[in-house]
Protein chains: 2
Amino acid sequence: MVTERPERDQADADVTRVDSLAREIFAGVANKWALLLVNVLADRTLRFTELQREVGGISHKMLSQTLRHLERDGLVDRTVHPEVPPRVEYRLTEAGEALRATVNGMCAWTRAHLDHIEEARRRFDATRD
Amino acid sequence: MVTERPERDQADADVTRVDSLAREIFAGVANKWALLLVNVLADRTLRFTELQREVGGISHKMLSQTLRHLERDGLVDRTVHPEVPPRVEYRLTEAGEALRATVNGMCAWTRAHLDHIEEARRRFDATRD
DNA sequence: CTGGATCCCTGTGGATACTG
DNA sequence: CAGTATCCACAGGGATCCAG
């Protein structure tokens with residue numbers, strides 16, 4: 001784990017900076033559905049309906065919307081098979097897989113701190129009655 | 001439990017699963033402002049106003065709201081100095097720093113793929129006259 | 001300076017129906 | 001099956017004012 005303290009490099013600022021392209025892309029990717037989709041697509045190919053089932057709780061609309069966004073940014077490849085009934089398959093691109101690595105980190109983090117967070121919430125809420 | 005795909009490790013499913021605590025926490029953390037705040041607090045202590053300046057574009061309300069959320073989940077420590085005028089300092093806890101590591105990954109990813117994404121968007125938009 | 005409370009508007013996102 | 005389109009409710013989030 002990276003605990004050492006580099007003088008804050010310019011790189012961070014680039015992403016944090018308002019109105020920059022980096023900031024816009026970061027914001028676009030830093031949302032629940034996008035991250036869950038990327039996570040669920042871990043090096044496998046899934047169809048529209050399968051995705052909806054895998055990512056529980058996502059609406060039809062949000063799925064198609066988020067997928068188009070990911071596709072536009074080149075994180076997801078969309079392959080249409082000219083059949084009847086139609087079959088469309090989604091899979092992560094190189095860039096998508098790279099992002100998934102860090103998303104995986106967030107999932108691991110969530111799991112690892114579940115108890116800690118639950119406890120923290122209890123303490124916090126206790127001091128507010 | 002629940003996953004009809006044994007080959008995918010259970011760990012991922014835990015976070016993806018709807019209605020689970022993990023999912024709720026993941027969703028809470030997977031948002032623009034929370035991640036930007038965690039990122040900007042990289043092992044240093046900042047005050048309310050400083051935070052607002054560092055994270056450009058965040059409103060007063062969202063800052064205080066997100067900070068309270070992070071504090072409740074035990075990701076941020078809030079220290080009030082009994083002075084006049086009041087001084088309140090925020091810094092990441094252990095858990096917060098751990099999360100920041102992965103957020104850092106997302107920032108790095110964003111920077112690394114800026115050109116790739118810009119290009120992908122151009123191509124995508126081109127096919128949508 | 002810190003931050004709560006309010007007003008208010010826009011965008012997000014759900015449900016449903018309709019095409020290919 | 002794979003979407004797109006429409007309607008609509010509600011919450012996210014900005015601006016402002018107030019208080020400790």
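How far does a polar side-chain atom of Arg47(B) lie from a sugar or linking oxygen of DNA strand C? The distance is 3.0 Å in this predicted model. The legends below begin with this strand and then turn to DNA strand D, the protein interface and one buried residue.

**Figure 1. Close-up of DNA strand C and the residues around it.** The strand is surrounded by 15 residues, and the closest are Ser59(A), Lys61(A), Thr49(B), Arg78(B) and Tyr90(B). Of the atoms of DNA strand C that come within 4 Å of the protein, 60% belong to sugar and phosphate. Three approaches between polar atoms may be followed here. The side chain of Lys61(A) has an N or O atom 2.6 Å from a base oxygen of the strand. Arg47(B) places a polar side-chain atom 3.0 Å from a sugar or linking oxygen. Phe48(B) takes part through its backbone, with an N or O atom 3.3 Å from a phosphate oxygen. Two or more residues of this surface come from each of α5 (60-72) of chain A and α4 (48-54), α5 and β3 (87-92) of chain B. With 3 residues, α5(B) gives the most. By class, the surface near DNA strand C has 7 nonpolar, 4 polar and 4 charged residues.

**Figure 2. Close-up of DNA strand D and the residues around it.** Here too 15 residues surround the strand, and the closest are Thr49(A), Arg78(A), Tyr90(A), Ser59(B) and Lys61(B). Sugar and phosphate make up 59% of the atoms of DNA strand D that come within 4 Å of the protein. His60(A) has a polar side-chain atom 2.7 Å from a base nitrogen of the strand. Two arginines of chain A approach phosphate oxygens: Arg78(A) with a polar side-chain atom at 2.5 Å, and Arg68(A) with a side-chain N or O atom at 3.5 Å. The elements that each supply at least two residues of this surface are α4 (48-54), α5 and β3 (87-92) of chain A, together with α5 of chain B. The largest share, 3 residues, comes from α5(A). The surface divides into 7 nonpolar, 4 polar and 4 charged residues.

**Figure 3. Close-up of the interface between chain B and chain A.** In this view, 62 residues of chain B are in contact with 62 residues of chain A. The two chains bury about 5,800 Å² between them, and carbon and sulfur atoms account for 64% of that area. Arg72(B), Trp109(B) and Arg121(B) supply 13% of the area that chain B buries against chain A, more than any other three residues. There are 6 salt bridges across the interface. One of them joins the side chains of Arg72(B) and Asp125(A), with N and O 2.5 Å apart. On the side of chain B that touches chain A, at least two residues come from each of α1 (10-16), α2 (21-29), α3 (32-40), α5 (60-72) and α6 (94-126) of chain B. The largest share, 22 residues, is that of α6(B). By class, this side of chain B has 28 nonpolar, 13 polar and 21 charged residues.

**Figure 4. Close-up of Arg100(A) and its neighbours.** Arg100(A) lies in helix α6 (residues 94-126) of chain A. Its relative accessible area is 16%, under the 20% limit, and therefore Arg100(A) counts as buried. The side chains of Arg100(A) and Glu97(A) are joined by a polar contact of 3.0 Å. Leaving aside residues up to four places away in sequence, Arg100(A) touches Val38(A), Asn39(A), Ala42(A), Asp43(A) and Leu92(A).

Key: Residues are numbered from 1 along each chain as its sequence is written. Chains are lettered from A and ligands numbered from 1 in the order in which they are written. This is a predicted model: local features need pLDDT of at least 70, side-chain atom pairs count only at pLDDT 80 or more; totals for chains, interfaces and linings use all residues. Side-chain values use heavy atoms; hydrogens and water are left out. Contact means heavy atoms within 4.5 Å. Buried area is the accessible area (1.4 Å probe) that two parts lose on being put together, summed over both. A salt bridge is a side-chain nitrogen of Lys or Arg within 4 Å of a carboxyl oxygen of Asp or Glu. Helices (H or I, at least four residues) and strands (E, at least two) are DSSP runs, numbered from the N terminus. Ala, Val, Leu, Ile, Met, Phe, Trp, Tyr, Cys and Pro count as nonpolar, Asp, Glu, Lys and Arg as charged, and the others, Gly among them, as polar. A residue is near a molecule or strand if one of its heavy atoms lies within 4 Å of it. A polar contact is a pair of N or O atoms within 3.5 Å; within protein, one must be able to donate a hydrogen and the other to accept it, and residues adjacent in sequence count only if both atoms are side-chain atoms. Buried means under 20% relative accessible area, exposed over 50%, partly exposed in between (1.4 Å probe, protein chains only).
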